[in-house]
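Student: I would like to go through this model term by term and ask what stands behind each label. Could we set each value against its definition?

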Amino acid sequence: MTKNNYLAPRPARAVLSLLALFLALPSPPASDGRAQGGGSAKSPAVVFAVESSGGEWMIDPVVEVGAGGRLTGAGGDEDSLKRLAADRYRPGRKLRVIFGGGDAGTLTVKQATADRECYRTGALVDAQTPARLGGNVMALATDSELLGKRAPSRREPTAAERAGVEKLARTLLARRRATPAQLRGLRTINLTATDLDGDGTAELAGTFRVNRGAASAELLFLLAESKGGNWAAALANHHPLKRADIPDPELFKEVGDSGFLSEILLDQLDLDGDGTGELFTFGRSLEGVRYKIYKRTAGRWRRLEEFYVYRCAY
């Protein structure tokens, strides 16, 4: 079981696949409230991924939120990197930490990491936050003063929640012909409770791996909702993987860990002001990181945007 880290000292209330493609959902018009994103045509707001490793805190650009709520990938080309370095990565620049969709402290930029071959898109920061990050637990940050103005909601699931969602994961995988013996080896890579719509009932986002033999596996990213005491899949992304698809077969054992070739919850953030947080996920490939944003529209969760940030070649 993977250990998760969350807000301290009090709990809040509350894949990348080599083979799978998703249907893209067109961006909603500005009239849906997305103009509250805090960006303008000249200076869009930026949302960053935040991670902590080896005592270092780092940010990586995910998306720019411009006028009318227009979403654009950040850090994906040289022009974008130059803009980030000249403005957002100035030493002393302050950013707000978003953990569980709400305020969780601040970050202070120390320096850009353009000189790091495999992290040239980001920056090192000092953190003033009660959020405990590490491993599969990450957060968001933004320079917007309007986004994420809600009480944070992110915590470790209860034993009952964990058991219920793991049972659901096994059911979904069994429908894809995973055998009982394979399902007994189901591994929970990450599982997090977060209240996306502020109704007081947490949804659970998790990533699971089941081995389908010595040379194949299946990864499942699952968003589960409580329905009358049972758990139902609001979003289920299946990612089959074969050992032969990975240049180094030994890496096959690491698939799923820390988002490697998998899809893992990053955090949530209400981009359009409709009261429901958009779901951010990340996945590490052999050469970079892919960020996805999901939105609930007409009662269904669909992919809103997807952005790729190159790091370095395998």
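Tutor: Start with strands and their pairing. Helices (H or I, at least four residues) and strands (E, at least two) are DSSP runs, numbered from the N terminus. Two strands pair if DSSP finds at least two bridges between them. In this predicted model, local features need pLDDT of at least 70, side-chain atom pairs count only at pLDDT 80 or more, and totals for chains, interfaces and linings use all residues. Residue numbers run from 1 along each chain as its sequence is written, and side-chain values use heavy atoms, without hydrogens and water.

Student: What does the confidence look like for the protein?

Tutor: pLDDT is the predictor's confidence in each residue, from 0 to 100. The average here is 85, and 86% of the residues score at least 70. Over residues 7–36 the value falls below 50, although this stretch has 81 contacts in the model (heavy atoms within 4.5 Å) beyond near neighbours in sequence. Where pLDDT is low, the predicted coordinates should not be read in detail.

Student: What makes β10 and β11 a pair?

Tutor: The requirement is at least two bridges. Strand β10 (residues 216–227) and β11 have 12 bridges in the antiparallel sense, so the definition is met. Among the bridge partners, leucine 223 is matched with leucine 235 in β11, and glutamate 225 with alanine 232 in β11. The two strands form a hairpin with two residues between them, and glycine 228 in the turn has a positive phi of about 60°.

Student: Which strands make up the sheet that contains them, and which are at its edges?

Tutor: The open sheet has four strands in the order β8-β9-β10-β11, paired antiparallel. Its edge strands are β8 (187–194) and β11 (230–242), each of which pairs on one side only. Neighbouring strands are turned by 15° against each other on average, direction ignored.

Student: Why is glutamate 225 called buried?

Tutor: Buried means under 20% relative accessible area, exposed over 50%, and partly exposed in between (1.4 Å probe, protein chains only). Glutamate 225 has 14%, so it is buried. This residue is in strand β10, and apart from its neighbours within four places in sequence its contacts include Glu203, Trp231, Arg296 and Trp301. The C-alpha atoms of glutamate 225 and valine 165 are 9.1 Å apart, with their positions 60 residues apart along the chain.

Student: How do you know whether glutamate 64 is buried or exposed?

Tutor: By the accessibility cut-off again: glutamate 64 has 10% relative accessibility and therefore counts as buried. Glutamate 64 is in strand β2 (residues 56–65). Leaving aside neighbours within four places in sequence, its contacts include Pro44, Arg70, Ser80 and Arg83.

Student: What makes two rings an aromatic pair, and how many are there?

Tutor: Rings of Phe, Tyr and Trp (its six-membered ring) pair if their centres lie within 6.5 Å; planes under 30 degrees apart count as stacked, over 60 as edge-to-face and the rest as tilted. The count by this rule is one. Phenylalanine 48 and tyrosine 89 have ring centres 6.2 Å apart and planes at 40°, so the pair is tilted. The pair links distant parts of the chain, 41 residues apart: phenylalanine 48 is in strand β1 (residues 45–53), and tyrosine 89 is in the loop between α1 (78–88) and β4 (94–99). Both phenylalanine 48 and tyrosine 89 are buried.

Student: Why is arginine 209 said to lie over phenylalanine 252?

Tutor: A charge sits over a ring if NZ of Lys or CZ of Arg is within 6 Å of the ring centre and within 35 degrees of the ring normal. Arginine 209 lies over the face of phenylalanine 252, at 4.9 Å from the ring centre.

Student: What makes β14 and β15 a pair?

Tutor: Strand β14 (residues 288–297) and strand β15 (residues 300–310) run antiparallel and are joined by 10 bridges. Tyrosine 294 stands opposite arginine 303 in β15. The hairpin of these strands has two residues between them, and alanine 298 takes a positive phi near 55° there.

Student: Why is alanine 298 called exposed, and leucine 261 buried?

Tutor: Alanine 298 has a relative accessible area of 81%, so it is exposed. Leucine 261 is at 2% and therefore counts as buried. Leucine 261 is in the loop between β11 and β12 (264–269), and its phi is near 55°, a positive value in a residue other than glycine.

How values were computed: Axes fitted to C-alpha atoms, helices over the stretch in contact; angles between N-to-C directions.
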